[in-house]
Amino acid sequence: MGMDAQATASLTNGQTSPTAVNLAIWQARYGGPETLTLQQRPIPQPNADEVLVRVHTASLEVADCFMMQGAPILVRPASGIWKPALGIPGMGLSGTVVQAGAAVSRFRPGDEVFGCCVGACATYAKASHHHLVPKPRAITWQQAAASTGSALAALHALRDTARIQPGQKILIIGAGGGIGSFAVQLARHYGAQVTGVCSTANVPLVQELGAHRVIDYTHEDFTHSAQRYDVILDNVENRPLAECRNVLAPDGLLICNSGTGAQGLAFAARLLKPILLNPFTRQKLKRYLSMPNPKDLAILGQMVVAGILRPVIGRTYPLHQTPDALRYIQSGHARGKVLVEVAS
Ligand SMILES: NC(=O)c1ccc[n+]([C@@H]2O[C@H](COP(=O)([O-])OP(=O)(O)OC[C@H]3O[C@@H](n4cnc5c(N)ncnc54)[C@H](OP(=O)(O)O)[C@@H]3O)[C@@H](O)[C@H]2O)c1
């Protein structure tokens with residue numbers, strides 16, 4: 001039995017053993033990707049309502065960059081006030097349960113799962129059992145890991161925040177990214193008329209995902225169009241609110257959905273502006289916060305099984321190259337989901 005097999009076996013019995021090894025991408029202080037290194041870390045101990053998972057594939061989010069940098073400052077209560085509380089990136093995973101907390105009846109060691117967590121870029125990660133669901137056999141480890149935070153955010157934007165209706169015209173800005181690539185497919189599934197905005201390289205992808213029209217922002221400025229949209233999902237927010245509202249129907253909904261591209265007071269102002277303006281306009285201006293839940297994770301898994309959703313896996317990195325994966329996300333031009341293969 002190899003080292004890893006021994007580790008899994010000892011954990012399967014609900015005990016940590018001196019032979020169990022937890023390799024993790026870890027940072028001791030806030031900073032850029034250069035602060036992250038491959039280290040041997042203690043195996044996380046699951047609380048009563050948590051599950052310890054041997055990670056197969058980890059999924060990264062834009063929020064991993066916030067947690068890594070401890071910025072914007074709003075993340076510090078969750079990420080650690082002075083230094084990273086956990087220091088391991090990865091907010092989505094697929095893998096195998098090795099230990100379930102005392103209050104967990106939904107999972108047993110050996111169950112294959114996927115869902116949301118913190119610290120997925122490690123051999124072992126723990127997660128609330130409310131944030132995990134069984135992995136359908138018909139989908140791959142990669143597809144499962146990719147169908148977590150961004151997929152939930154797309155579902156919560158379109159189904160819950162916009163309550164999108166068949167025939168409505170929707171504009172999705174950042175259509176080739178983590179959320180956008182799911183949002184295009186979901187909007188199409190809900191019967192909307194979909195226009196995606198992305199760079200030249202992503203035009204064929206966004207077309208393949210089902211957009212009726214794709215605007216290449218390097219050639220065309222969508223804010224100068226005569227078209228009016230019922231819903232705009234803005235995953236980038238690099239244009240002034242007023243310019244986006246120019247192409248929003250008089251009773252349309254603009255969902256502002258980006259945390260990047262501004263710092264300090266400018267960030268706070270951008271965050272608050274649509275919320276403060278909303279009561280005074282006929283157009284609706286909203287932000288929303290997507291939270292993981294097992295029902296929606298299961299819905300997404302079934303949509304992938306049914307072929308309704310195709311997770312776009314833009315790039316996959318080995319565990320030791322996680323800093324490069326985060327650099328790619330920080331570029332602001334990631335295509336689809338960025339994954340880290342932990343098991344390999
Ligand atoms: N509300 C919530 O609960 C929630 C949850 C998760 C994430 N978020 C936020 O949602 C935002 C988007 O997340 P994500 O995972 O989709 O990010 P992402 O994977 O980095 O995708 C962003 C996409 O935008 C494209 N883009 C860049 N500049 C553009 C421009 N000027 N016009 C149009 N497209 C442009 C990029 O590629 P190309 O330029 O090459 O096309 C990229 O594909 C983040 O700021 C994140 O913080 C919110």
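User: Does R270 count as buried or exposed, and what is its relative accessibility?

Analyst: Please bear in mind that this is a predicted model. A residue is called buried when its relative accessible area is under 20%. R270 has a relative accessibility of 18%, so it counts as buried. R270 belongs to helix α9, which spans residues 264–277.

User: Which backbone oxygens does the side chain of R270 reach?

Analyst: A polar contact is a pair of N or O atoms within 3.5 Å. For R270, one such partner is the backbone oxygen of E237, reached by the side chain at 3.2 Å. Another is the backbone oxygen of T260, which lies 2.6 Å from a polar atom of the R270 side chain.

User: Which residues does R270 touch, apart from those up to four places away in sequence?

Analyst: With those sequence neighbours set aside, R270 touches V236, E237, S258, G259, T260, G261, A262 and R287.

User: Where does E237 lie, and is it buried or exposed?

Analyst: E237 is in the loop that runs between β11 (229–234) and α8 (241–246). Its relative accessible area is 9%, so E237 is buried.

User: What is the phi of E237, and how should one read its sign?

Analyst: The general idea is that most residues other than glycine have a negative phi. In E237, phi is near 55°, a positive value in a residue other than glycine. R163 offers another case, with a positive phi near 45°.

User: Where is R163 found, and is it buried or exposed?

Analyst: R163 comes after helix α5, in the loop between α5 and β8. With a relative accessible area of 61%, R163 is exposed, whereas E237 is buried.

User: Is A162 buried or exposed, and where is its place?

Analyst: A162 is also placed in the loop between α5 and β8 (169–173). A162 has a relative accessibility of 12% and therefore counts as buried. Leaving aside neighbours within four places in sequence, its contacts are A157, V231, L253 and I255. Distance along the chain and distance in space may be read side by side here: A162 and L233 are 71 residues apart in sequence, and their C-alpha atoms are 9.0 Å apart in space.

User: How many residues of α5 are buried?

Analyst: In α5, 11 of the 13 residues are buried, so the helix is largely enclosed by the rest of the structure. Among the buried residues are G149, L152, L155, H156 and T161.

User: Which residues of helix α11 are buried, and against what do they pack?

Analyst: Helix α11 covers residues 322–330, and its buried residues are T322, P323, A325, L326, Y328 and I329. These pack against the strands β1 (23–26), β3 (50–60), β14 (313–318) and β15 (337–341), and against helix α2. After α11 comes G332, with a positive phi near 80°.

User: Where is there a cis peptide bond?

Analyst: As a general matter, most peptide bonds are trans. Here, a cis bond joins A71 and P72, with omega about 0°. P72 is placed in the loop between α2 and α3 (76–79).

User: How is the protein divided into domains?

Analyst: The domain assignment gives domain 1 (3–148 + 292–341) and domain 2 (150–286). Their C-alpha centres lie 28 Å apart. The contact takes 27 residues from domain 1 and 25 residues from domain 2.

User: How many residues surround the ligand, and which are the closest?

Analyst: The ligand is surrounded by 28 residues, the closest being S199, Y217, S290, H333 and A334. Each of the two domains supplies at least three residues to this shell. By class, the shell has 12 nonpolar, 16 polar and no charged residues.

User: Which polar atoms of the protein lie 2.9 Å or 2.8 Å from the ligand?

Analyst: An oxygen atom of the ligand is 2.9 Å from a polar backbone atom of G178. For I179, a polar backbone atom is likewise 2.9 Å from a ligand oxygen. A nitrogen atom of the ligand lies 2.8 Å from an N or O atom in the side chain of N257. Taken alone, the ligand exposes 920 Å², of which the protein buries 87%. The elements giving two or more residues to the shell are α2 (62–69), α5 (149–161), α6 (178–189) and β9 (193–198).

Methods: Residues numbered from 1 in each chain as written. Predicted model: local features only at pLDDT ≥ 70, side-chain atom pairs only at ≥ 80, totals over all residues. Heavy atoms only, no water. Near = heavy atom within 4 Å. Polar contact = N/O pair within 3.5 Å; in protein donor to acceptor, adjacent residues only side chain to side chain. Areas by Shrake-Rupley, 256 points an atom, 1.4 Å probe, with all protein chains shown as cover. Helix = DSSP H or I, 4+ residues; strand = E, 2+ residues; numbered from the N terminus. Nonpolar A, V, L, I, M, F, W, Y, C, P; charged D, E, K, R; others polar. Domains from an automatic or database assignment. Buried < 20%, exposed > 50% of the residue type's maximum accessible area, 1.4 Å probe, protein only. Contact = heavy atoms within 4.5 Å.
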